[in-house]
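Good morning, colleagues. I would like to take you through one structure today, beginning with its pocket and then turning to its surface. Please look at the display first.

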Amino acid sequence: MSWQALMLISVVTYSFSVLFQRILLKEDTSDPKAFSVLFTTITGLFIGVFGFATADMHLPALGSILPNFLLMIILYTMGNFMFLSSQ
C-alpha cells in the first residue's frame, strides 16, 4: 500500500476519532478517563487487525513487534488522557 493511501486513512480516521470524542464527551456525566482507556483499547485492536490484514505479521514474528505495539498503545493512552483532562 502506498504512503499516500496510508496518509489518507490516517487523516480520515483521526478526524473521525476527534469528532467521536467530542460527541461522546459533550455531556457533563461522561467520564473522560474511562472513555480514554476504552477508546485507546479499541484503537489498538483496530491497528492490530489492520496490521495483521495488510502486513506479514505472523505469530512467531509477533514477539519482536509486541513491545513496540504495547508501547504505542500506552503512549497513545497517555496522550489521549492528557488531551481530555486539559479540556
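**The largest pocket and the surface**

The largest pocket encloses about 610 Å³ of space. Please bear in mind that we are looking at a predicted model.

Which residues lie nearest the centre of this pocket? They are Thr13, Tyr14, Thr43, Phe46 and Ile47, out of 19 residues that line the pocket. Three helices contribute to the lining: α1, covering 3-24, α2, covering 32-54, and α3 each provide at least two residues. As for chemical class, 13 of the lining residues are nonpolar and six are polar, while no charged residues are found there.

Let me stay with helix α2 for a moment, since Ile42 lies in it. Is Ile42 buried, exposed or partly exposed? Its relative accessibility is 39%, and Ile42 therefore counts as partly exposed, given that this class runs between 20% and 50%. Along the sequence, Ile42 and Ile73 are separated by 31 residues; in space, the distance from C-alpha to C-alpha is 9.9 Å.

I now turn to helix α3, which spans residues 62-85 and contains Phe81. With a relative accessible area of 35%, Phe81 is likewise partly exposed. Phe81 also belongs to a nonpolar patch on the surface, together with Leu66, Leu70, Leu71, Ile74, Leu75, Met78 and Met82. Why can Phe81 be counted in such a patch? Patch residues need over 30% relative accessible area, and Phe81 has 35%. Taken together, the residues of this patch present about 730 Å² of accessible area.

How values were computed: Residues are numbered from 1 along each chain as its sequence is written. This is a predicted model: local features need pLDDT of at least 70, side-chain atom pairs count only at pLDDT 80 or more; totals for chains, interfaces and linings use all residues. Side-chain values use heavy atoms; hydrogens and water are left out. Patches are made of residues with over 30% relative accessible area and no salt bridge: like charges are joined within 9 Å, nonpolar side chains (Val, Leu, Ile, Met, Phe, Trp, Tyr) within 5 Å. Accessible areas come from the Shrake-Rupley method with a 1.4 Å probe; for residues, only the protein chains shown count as cover. A salt bridge is a side-chain nitrogen of Lys or Arg within 4 Å of a carboxyl oxygen of Asp or Glu. Helices (H or I, at least four residues) and strands (E, at least two) are DSSP runs, numbered from the N terminus. Buried means under 20% relative accessible area, exposed over 50%, partly exposed in between (1.4 Å probe, protein chains only). On a 1 Å grid over the protein atoms alone, a cavity is a set of points where a 1.4 Å probe fits but cannot get out, and a pocket is an open set with protein on both sides within 12 Å along at least five of seven lines; lining residues have an atom within 4 Å of a point. Grid points are joined across faces, edges and corners, and a volume is the space filled by probe spheres set on the points. Ala, Val, Leu, Ile, Met, Phe, Trp, Tyr, Cys and Pro count as nonpolar, Asp, Glu, Lys and Arg as charged, and the others, Gly among them, as polar.
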